[in-house]
Amino acid sequence: MALPKTQADWRKALHDLPGSPNNIPAFFFAHGSPLLAYPSQVGGSDNNHGPTGLLASFLKDFGPALLQKYKPKGIVVFSAHWETHGQRLVTDYGNENPLLMDYYGFPPELYQLKFKSRSDSALAHRVVEVLTKAGQRARTIPKTESRGEDGRGFEGPGLDHGVFVPFRIMFGTEFTEIPIVQVSIDGSLSPEENWALGKAVAPLREEGILILSGGLGIHNLRDRGAFAASTARPIYHEFDKAVHEAVAISDGADRKKALAKLTKHAGFRAAHPREEHLVPIYVAGGAGEEGGVHVLMREYGLPTVAFGV
């Protein structure tokens, strides 16, 4: 399987995406960080995470390609930045989704970002229904209720920056044609529990709903050198290679085993001092357990893959 690393490669991979509006793959995507919306390029022109970097360029192609190919009726999104214990929460925010500026230490401009989108009660309740049917505890949450602390100390209602920062690039700053609801990941951060969560929402794929699950292949804020291939230590490259090799396995059972083994890899704790940014790959993998894979982006720390093709 070719592993796309250039714009020409990923555009071909997006063009060749399998599936239909009645069988939409589930996607794990590199959702980046607030650096994608930074007022200027950070760390030089080779920084993949900046506003003119590789990830931003990919996301600009990724969003429109999904809309054109699958014409989704709604988007259900999971983010590394919202986890709850014991019960899954599903946003039911009405005509406009609020934004939760869940970051600190950035320029004032980043606290004025806009992304206008809407929710849909019918979709939110349908998500709760499929989760409940699969044995998951779940309920909707209105904009009058805080999402609660998620391990990082931020509180309030709203889509977090793991959603609105990449979605602004993927879909534009005003995107109200298709409703968006966000679902919390399992706060145990267990691969098994989050795989089961993804499997629970899998029926939505046959109902015209696009499932997006965002995280990162490498996420160590204690070591800024980890975010660039040119400065990352060998242990990061070894883990990154293991991630990309695992997601590219065509056999579903073998792929699931390889993904589960990532948390036992020698480089796991270096790449992920806390598991939350890898966990969304298990949600997407569970949602697309039945079927193959289609790799869209193969770049250090930025895997993006369609599961269930």
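**Reading strands, helices and loops**

Mentor: Start with one pair: the bridge partner of Ile75 in β8 is Leu210. Keep in mind that this is a predicted model.

Trainee: Which strand does Ile75 pair from, and how many bridges join it to β8?

Mentor: Look at strand β2, residues 74-84. β2 and β8 run parallel and are joined by six bridges. A second pair to find is Val77, which stands opposite Leu212 in β8.

Trainee: Which other strand pairs with β8, and in what sense?

Mentor: Strand β1, residues 26-30. β1 and β8 pair in the parallel sense, over five bridges. To see the register, find Phe29, which faces Gly214 of β8.

Trainee: And which strand do six further bridges join to β2?

Mentor: That is β7, residues 180-186. β2 and β7 also run parallel. Val76 marks this pairing, standing opposite Val181 in β7.

Trainee: How should I read the two faces of a strand?

Mentor: In a regular strand, side chains alternate between the two faces of the sheet. Now take β8. On one side you have Ile209, Ile211, Ser213 and Gly215, and on the other Leu210, Leu212 and Gly214. Every residue on both lists is buried, so both faces of β8 are covered.

Trainee: How many residues of β8 are buried?

Mentor: Seven of the seven, across residues 209-215. The strand is therefore largely enclosed by the rest of the structure.

Trainee: What is the count of buried residues for β2?

Mentor: 11 of its 11 residues are buried, and β2 is mostly covered.

Trainee: Now helices. How do I read their sides?

Mentor: An α-helix has 3.6 residues a turn, so residues three or four places apart point the same way. Try α4, residues 161-171. Here 10 of the 11 residues are buried, so α4 is largely enclosed by the rest of the structure. Among the buried ones are Phe164, Phe167 and Phe171. His161, Val165, Ile169 and Met170 are also on the buried list.

Trainee: What covers the buried residues of α4?

Mentor: The cover includes the strands β1, β2, β6, β7 and β8. The helix α2, residues 54-70, is part of it too.

Trainee: How many residues of helix α9 are buried?

Mentor: Eight of the eight, over residues 280-287. So α9 is largely enclosed by the rest of the structure. Its buried residues include Pro280, Ile281, Tyr282 and Val283.

Trainee: What about backbone angles?

Mentor: Most residues other than glycine have a negative phi. Two residues to look at here are Lys71 and Leu189. Phi of Lys71 is near 45°, a positive value. Phi of Leu189 is near 60°, also positive.

Trainee: Where does Lys71 lie?

Mentor: In the loop between α2 and β2. Lys71 has a relative accessible area of 59%, so it is exposed; the cut-off is over 50%.

Trainee: Is Leu189 buried or exposed?

Mentor: Buried. Its relative accessible area is 8%, and buried means under 20%. Leu189 lies in the loop between β7 and α5.

Trainee: What does Lys5 touch beyond residues up to four places away in sequence?

Mentor: Trp10, Leu54, Arg298 and Glu299. Lys5 is in the segment before α1. At 42% relative accessibility, Lys5 counts as partly exposed. For a sense of span, the C-alpha atoms of Lys5 and Arg118 are separated by 33 Å. Along the chain, the two are 113 residues apart.

Trainee: Now the whole protein. How many helices and strands does it have?

Mentor: Nine helices and 10 strands. The radius of gyration is 18 Å, close to the 19 Å that the globule rule gives for 309 residues, so the protein is as compact as a globular protein of that length. Its C-alpha atoms fill a box of roughly 45 × 45 × 35 Å along the principal axes. Buried residues make up 57% of the 309.

Trainee: What share of the contacts comes from residues 24 or more positions apart?

Mentor: 77% of the contacts with a separation of 6 or more.

Trainee: And the surface?

Mentor: The protein exposes about 12300 Å², and carbon and sulfur atoms supply 51% of that area. For charge, count 33 positive and 34 negative side chains. The centres of the two sets lie 2 Å apart.

Conventions
Residues numbered from 1 in each chain as written. Predicted model: local features only at pLDDT ≥ 70, side-chain atom pairs only at ≥ 80, totals over all residues. Heavy atoms only, no water. Helix = DSSP H or I, 4+ residues; strand = E, 2+ residues; numbered from the N terminus. Rg over C-alpha atoms; globule rule 2.2 N^0.38 Å. Buried < 20%, exposed > 50% of the residue type's maximum accessible area, 1.4 Å probe, protein only. Contact = heavy atoms within 4.5 Å. Areas by Shrake-Rupley, 256 points an atom, 1.4 Å probe, with all protein chains shown as cover. Lys, Arg positive; Asp, Glu negative; His and termini not counted. Charge placed at Lys NZ, Arg CZ, Asp CG, Glu CD. Pairing = 2+ DSSP bridges.
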